[in-house]
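Biologist: Before I turn to the bench, I should like a close look at a single helix. Please describe how it sits in the chain, and then set the rest of the fold beside it.

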Amino acid sequence: MCIRDRHGPGEVTFVEDVWAGGGNLGPSIEYFIGGLEVGNMVFMKYKVGDNGELVDLPIKVIDVGIGLERIPWLMNGGVTSYKYTFGAAYDFLKEKFKVDGDQEVWRQFAKYSCRLDVDEEANIAKAWNEIASKMGKTQEELKSSISPAKDLYICLDLSLIHICRCRRYAVCRSRWSPYH
């Protein structure tokens, strides 16, 4: 099934923003489908000087990012990308932790979760209350209903980070260590 068939035009959103990282920054366009940021384009224009001033980059580039783990999510129409990104690990931990996770709650919550960005939302508690209200729940009910699956997702994210670190360390060790 085509992505277009699963997600109508009203679910595709483009957001103008500014992205900064690694000492460079520039205007960006982020694109979302069904509430999930699928990717972005950053028009790298400046570097941050020693005194915090913006200095024109001598070579300007467009940094295009796309979350490749998100493509299976879009293609399969799941509530989150975790099932498709982590596959067997997701199934194993879900069974091990006995997490069922109310998929309908997550489907509703996903539309609003971007409001919980601490870099962009001045009052997170108020945002939680507004989201819960839109979903017909109290803040406590909402947090309680998403908490088991959220904790599972955190475990999966941390597992991936540690696997990548271990692999990078093993590669570095095998290449540069005088003992190997």
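Modeller: One term is needed at the outset: a polar contact is a pair of N or O atoms within 3.5 Å, where, within protein, one atom must be able to donate a hydrogen and the other to accept it. The model is predicted, and every value below is computed from it.

The helix in question is α5, which spans residues 124-134. At its start, a side-chain oxygen of Asn123 comes within 3.4 Å of the backbone nitrogen of Ala125, and this pair is the polar contact for which the term was introduced.

Which residues of α5 are buried? They are Ala127, Trp128, Ile131 and Ala132. These four lie on the same side of α5 because the arc they cover around the axis is only 130°. The face turned away from that buried side carries the exposed residues Ser133 and Lys134.

Lys134 merits a few further words. This residue lies in helix α5, and it counts as exposed because its relative accessibility is 55%, where exposed means over 50%. Its C-alpha atom is separated by 9.5 Å from that of Phe109, although the two residues are 25 apart along the chain. Just after the helix, Gly136 takes a positive phi of about 75°.

A positive phi also appears elsewhere, at Lys98, where the angle is near 55° in a residue other than glycine. Most residues other than glycine have a negative phi. Lys98 is found in the loop that runs between α3 (82-96) and α4 (103-110). At 73% relative accessibility, Lys98 counts as exposed.

To place α5 in the whole, consider the order of elements. The protein chain contains 6 helices and 4 strands, and along the sequence they follow the pattern α-β-β-β-β-α-α-α-α-α. Of its 180 residues, 26% count as buried. The chain exposes about 12300 Å², of which carbon and sulfur atoms supply 56%. Among contacts between residues at least 6 apart in sequence, 36% join residues at least 24 apart.

The 4 strands form an open sheet with antiparallel pairing, in the order β1-β2-β3-β4. Its edge strands are β1 and β4 (54-66), each of which pairs on one side only. From one strand to the next, the twist averages 15°.

The pairings can be followed across the sheet. Strand β1 (residues 12-21) and strand β2 (residues 24-33) are antiparallel over 10 bridges, and within this pairing Ala20 has Leu25 of β2 as its bridge partner. The two strands form a hairpin with 2 residues between them, and Gly22 in the turn has a positive phi of about 65°. From β2 the sheet continues to β3 through 8 bridges, again in the antiparallel sense; here Tyr31 stands opposite Gly39 in β3.

Strand β3 (residues 36-48) then pairs with β4 over 9 bridges, also antiparallel. In that pairing, the bridge partner of Tyr46 is Asp56, while Val42 has Asp63 as its partner in β4. A hairpin is formed by β3 and β4 too, with 5 residues between them, and its turn holds Gly52 with a positive phi of about 90°.

One residue of β3 ties these pairings together for the reader. Asn40 has its place in this strand. Is Asn40 buried or exposed? It counts as buried because its relative accessibility is 18%, and buried means under 20%. Leaving aside residues up to four places away in sequence, Asn40 touches Ile29, Glu30, Tyr31, Asp63, Val64 and Gly65.

In short, α5 holds its buried residues on one side and carries the exposed residues Ser133 and Lys134 on the face turned away from it.

Notes
Residues numbered from 1 in each chain as written. Predicted model: local features only at pLDDT ≥ 70, side-chain atom pairs only at ≥ 80, totals over all residues. Heavy atoms only, no water. Buried < 20%, exposed > 50% of the residue type's maximum accessible area, 1.4 Å probe, protein only. Arc of directions from axis to C-beta. Pairing = 2+ DSSP bridges. Contact = heavy atoms within 4.5 Å. Areas by Shrake-Rupley, 256 points an atom, 1.4 Å probe, with all protein chains shown as cover. Axes fitted to C-alpha atoms, helices over the stretch in contact; angles between N-to-C directions.
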